[in-house]
Amino acid sequence: MRPPSTTLTYRWFQQVWNNGRREAIDALANTDLIVHGLATEAQPHGINGLEGFKLFYDDFRRQYENIHVHVENVICEENMESARCIVTARHRESGRDVNFAGMTQIKIRDEKIAEAWNNFDFLGLQFQLGYTLTDTAHAVH
């Protein structure tokens with residue numbers, strides 16, 4: 001297994017998230033980037049394009065500070081990388097520290113991220129902020 005620090009996944013999290021370098025998004029991802037598992041109001045079923053991802057990125061950074069993504073390990077095969085990550089941050093409004101785990105898989109084209117699949121524990125994140133599940137027994141389906 002390659003050391004995580006030699007992977008595109010590691011560079012992405014280090015530069016874009018840990019160092020807060022928004023301009024690194026353009027350097028590390030293709031313009032026609034497709035992102036599964038993350039959403040914005042404008043794109044609730046996934047994100048298409050760099051500008052769509054930047055909306056998610058800006059919104060997350062508005063809500064959280066001291067963001068750090070620790071890449072625990074990365075498995076690489078051909079043009080794919082899969083990683084397990086631990087995210088820590090501080091919620092700006094409440095001042096609460098949060099941490100949650102996630103997994104991501106990327107497809108690489110022309111040495112940049114072309115497509116990404118994300119599965120982060122955003123429900124666990126919401127619980128840490130004091131949100132609870134509501135009774136949905138009477139919800140209309």
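Begin inside the protein, where about 290 Å³ of space lies in the largest cavity. The model on the screen is a predicted one, and the count of cavities of 30 Å³ or more comes to one.

**First stop: the lining of the cavity**

Select Phe13, Trp17, Leu38, Asn118 and Phe120, which lie nearest the centre of the largest cavity among the 21 residues that line it. Then colour the chain by secondary structure and look for helix H1 (8-18), helix H3 (49-63) and the strands S1 (29-36), S3 (64-77), S5 (97-109) and S6 (112-120), each of which supplies at least two residues of this lining. If you colour the lining by residue class, 18 of its residues are nonpolar and three are polar, while no charged residue is found there.

**Second stop: helix H1 and its meeting with H3**

Stay with H1 and select Leu8, Thr9, Trp12, Phe13, Val16, Trp17 and Asn18, which are the buried residues of this helix. When you follow such a selection along a helix, it helps to recall that an α-helix has 3.6 residues a turn, so residues three or four places apart point the same way. Just after H1, Gly20 takes a positive phi of about 60°.

Now show H1 together with H3: their axes come within 12 Å of each other and cross at roughly 55°, an angle that makes H1 oblique to H3. To display the contact, select Trp12, Val16 and Trp17 on the side of H1, and Phe53, Phe56, Tyr57, Phe60 and Arg61 on the side of H3. By class, seven residues of this contact are nonpolar and one is charged, with no polar residue among them.

**Third stop: the largest pocket**

Keep H3 in view and add Ala39, Thr40, Leu55, Phe56, Asp59, Phe60, Gln63, Tyr64, Phe122, Leu125 and Gln126, the residues that line the largest pocket. The volume of this pocket is about 230 Å³. Which helix gives the most to the lining of the largest pocket? H3 does, with five residues, and helix H4 (122-128), like H3, supplies at least two. Coloured by class, the lining of the pocket divides into seven nonpolar residues, three polar ones and one charged one.

**Fourth stop: Gly46**

Move next to the loop between S1 and strand S2 (47-48), where Gly46 is found. Is Gly46 buried or exposed? With a relative accessible area of 12%, Gly46 is buried, because the cut-off for a buried residue is under 20%. Leaving aside residues up to four places away in sequence, Gly46 touches Val35 and Leu38. Draw a line from the C-alpha of Gly46 to that of Trp117 as well, since these two residues are 71 apart in sequence and 9.5 Å apart in space.

**Last stop: Asn66 and Glu78**

Finish with two residues other than glycine that have a positive phi. Asn66, placed in strand S3, has a phi near 50°, a positive value in a residue other than glycine, and Asn66 is exposed, with a relative accessible area of 53%. From there go on to Glu78, found in the loop between S3 and strand S4 (80-91). The phi of Glu78 is also positive, near 50°, and Glu78 is exposed, with a relative accessible area of 78%.

Terms used
Residues numbered from 1 in each chain as written. Predicted model: local features only at pLDDT ≥ 70, side-chain atom pairs only at ≥ 80, totals over all residues. Heavy atoms only, no water. 1 Å grid on protein atoms, 1.4 Å probe; cavity = no way out; pocket = protein on both sides within 12 Å on 5 of 7 lines; lining within 4 Å. Points joined across faces, edges and corners; volume = space filled by probe spheres on them. Helix = DSSP H or I, 4+ residues; strand = E, 2+ residues; numbered from the N terminus. Nonpolar A, V, L, I, M, F, W, Y, C, P; charged D, E, K, R; others polar. Axes fitted to C-alpha atoms, helices over the stretch in contact; angles between N-to-C directions. Parallel < 35°, antiparallel > 145°, perpendicular 65-115°, else oblique. Contact = heavy atoms within 4.5 Å. Buried < 20%, exposed > 50% of the residue type's maximum accessible area, 1.4 Å probe, protein only.
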